[in-house]
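Good morning, colleagues. Please bring up the sequence and the coordinates, and I shall then take you through the model element by element.

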Amino acid sequence: MEKKPSPLSFHPLRVLVVEDDPHIAANIGDFLEDRGHVVDFAMDGISGLHLAVTQPVDVIVLDILLPGIDGITLCRRFRDDSEKTTPILMLTAKDTLEDKLEGFDAGADDYLIKPFALEELEARLQALIRRSASNLSRIITVGPITVDTGQRSVTQAGTPIRLNRTCYRILVELMRAAPDVVTRDDLEHLLWSDRRPASDVLRSHIYDLRRALDVSGKNSLIETVVGVGFRMKSVE
């Protein structure tokens, strides 16, 4: 039977599935391969990390509960030790808010709860690829701040700035949009998808980002637009 590519696909994806349940892995692989994608598998965290670092992969589907090293640790090591910016979708039965926030903080880009529809999985993978493809420019500079998205580095007037993953993602979003405003809703969706925290966690992250970037005696580089969101100033 001839394979039919997904109507959502703009090109076949190279997908790494890191999942220790052979039934789930087989279902994902059969579905995606039937849609014209190329799928590779790892059944434990150590093998998954090795393949993620050494093989050309467009997107990673990553279970959390894995033998060897768990998915959270794998994701964090991959983001810390690799120069790759491969999108990662966390796939797990753990559905508490704390679990989701931990996954996003480790560097995941999306989250899907088991059980799930295979069609939704593919749609989410395609969305991650489209988002990644729209962010091809590696170097972004706004005022004194420069971000190299390939190296995941931030400098201010040439001085390195250390940011946690959440603050880094907020900064990149604000800088890409500058001088336009990024709404609170858009930032919350970027960070937590449709599983947003009830409390104002975003405000806390904005505070931490300002504390890392702002210079004493000068106006903040991040402006609050009351009732709308935030924007990055191009000049101090």
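Across which strands does helix 4 lie, and at what angle does it run to strand 5? Helix 4, residues 97-106, lies across strand 4 and strand 5, and its direction is at about 145 degrees to that of strand 5.

Before I go further, a word on confidence. What we have here is a predicted model. The mean pLDDT of the protein chain is 86, and 90% of the residues score at least 70. Residues 1-10 have a pLDDT below 50, although this stretch has 17 contacts in the model beyond near neighbours in sequence. Where pLDDT is low, one should not read the predicted coordinates in detail.

Let me now turn to the parallel sheet. Five strands make up an open sheet with parallel pairing, and their order is 2-1-3-4-5. The edges are taken by strand 2 (38-42) and strand 5 (110-113); each has a single partner strand, so one side of each has no neighbour in the sheet. Ignoring direction, neighbouring strands of this sheet are turned by 20 degrees against each other on average.

Within that sheet, I would like to begin with strand 3. Strand 3 runs parallel to strand 1, to which four bridges join it. Val18 is the residue that stands opposite Leu62 of strand 3. Four bridges also join strand 3, residues 59-63, to strand 4, residues 88-92, and this pair is parallel as well. Across that pairing, Ile60 has Ile88 as its bridge partner in strand 4, Leu62 stands opposite Met90, and Asp63 stands opposite Leu91. Leu62 therefore appears in two of the pairings I have named, facing Val18 and Met90.How is strand 3 placed with respect to the rest of the structure, enclosed or open? Five of the five residues of strand 3 are buried, so the rest of the structure largely encloses this strand. In a regular strand, side chains alternate between the two faces of the sheet. Here both faces of strand 3 are covered, with Val59, Val61 and Asp63 buried on one side and Ile60 and Leu62 buried on the other.

Strand 4 can be described in similar terms. Five of the five residues of strand 4 are buried, and the strand is mostly covered. On one of its faces we find Ile88, Met90 and Thr92, on the other Leu89 and Leu91, and all of these are buried. Towards the edge of the sheet, four bridges join strand 4 to strand 5 in a parallel arrangement. In that pairing, Leu89 stands opposite Asp110.

Next, the helix and the loops around these strands. Helix 3, residues 71-81, lies across strand 1 (14-18), strand 3 and strand 4, and runs at about 170 degrees to strand 4. The loop between strand 3 and helix 3 contains Asp70. Asp70 counts as partly exposed because its relative accessibility is 31%. From C-alpha to C-alpha, Asp70 and Asp44 are 8.2 Å apart in space, while in sequence they are 26 residues apart.

On the other side of helix 3, in the loop that leads to strand 4, we find Thr86. Is Thr86 buried or exposed? With 8% relative accessibility, Thr86 counts as buried. Its contacts, leaving aside neighbours within four places in sequence, are Val57, Asp58, Val59, Ile60, Phe78, Arg79 and Asp109.

I move on to the second sheet. This open sheet has four strands in the order 6-7-8-9, and the pairing is antiparallel. Strand 6 (139-142) and strand 9 (159-160) stand at its edges with a single partner strand each, so one side of each is without a neighbour in the sheet. Two bridges join strand 8, residues 153-156, to strand 9 in an antiparallel manner, and Gln156 stands opposite Thr159 of strand 9. Helix 6, residues 165-177, lies across strand 6, strand 7 (145-148) and strand 8, running at about 110 degrees to strand 7.

Finally, a pair of helices. Two packed helices are described by the distance between their axes and the angle between them. For helix 7 (residues 184-192) and helix 8 (residues 201-213), the axes come within 11 Å and cross at roughly 90 degrees. That makes helix 7 roughly perpendicular to helix 8. Which residues meet there? From helix 7 they are Arg184, Leu187, Glu188, Leu191 and Trp192, and from helix 8 they are Val201, Leu202, Arg203 and His205. The residues of this contact between helix 7 and helix 8 divide into five nonpolar, one polar and three charged.

Thank you for your attention.

Technical notes: Residues are numbered from 1 along each chain as its sequence is written. This is a predicted model: local features need pLDDT of at least 70, side-chain atom pairs count only at pLDDT 80 or more; totals for chains, interfaces and linings use all residues. Side-chain values use heavy atoms; hydrogens and water are left out. Axes are lines fitted to C-alpha atoms, for helices over the stretch in contact, and angles run from 0 to 180 degrees between N-to-C directions. Angles under 35 degrees count as roughly parallel, over 145 as roughly antiparallel, 65 to 115 as roughly perpendicular and the rest as oblique. Contact means heavy atoms within 4.5 Å. Ala, Val, Leu, Ile, Met, Phe, Trp, Tyr, Cys and Pro count as nonpolar, Asp, Glu, Lys and Arg as charged, and the others, Gly among them, as polar. pLDDT is the predictor's confidence in each residue, from 0 to 100. Two strands pair if DSSP finds at least two bridges between them. Buried means under 20% relative accessible area, exposed over 50%, partly exposed in between (1.4 Å probe, protein chains only).
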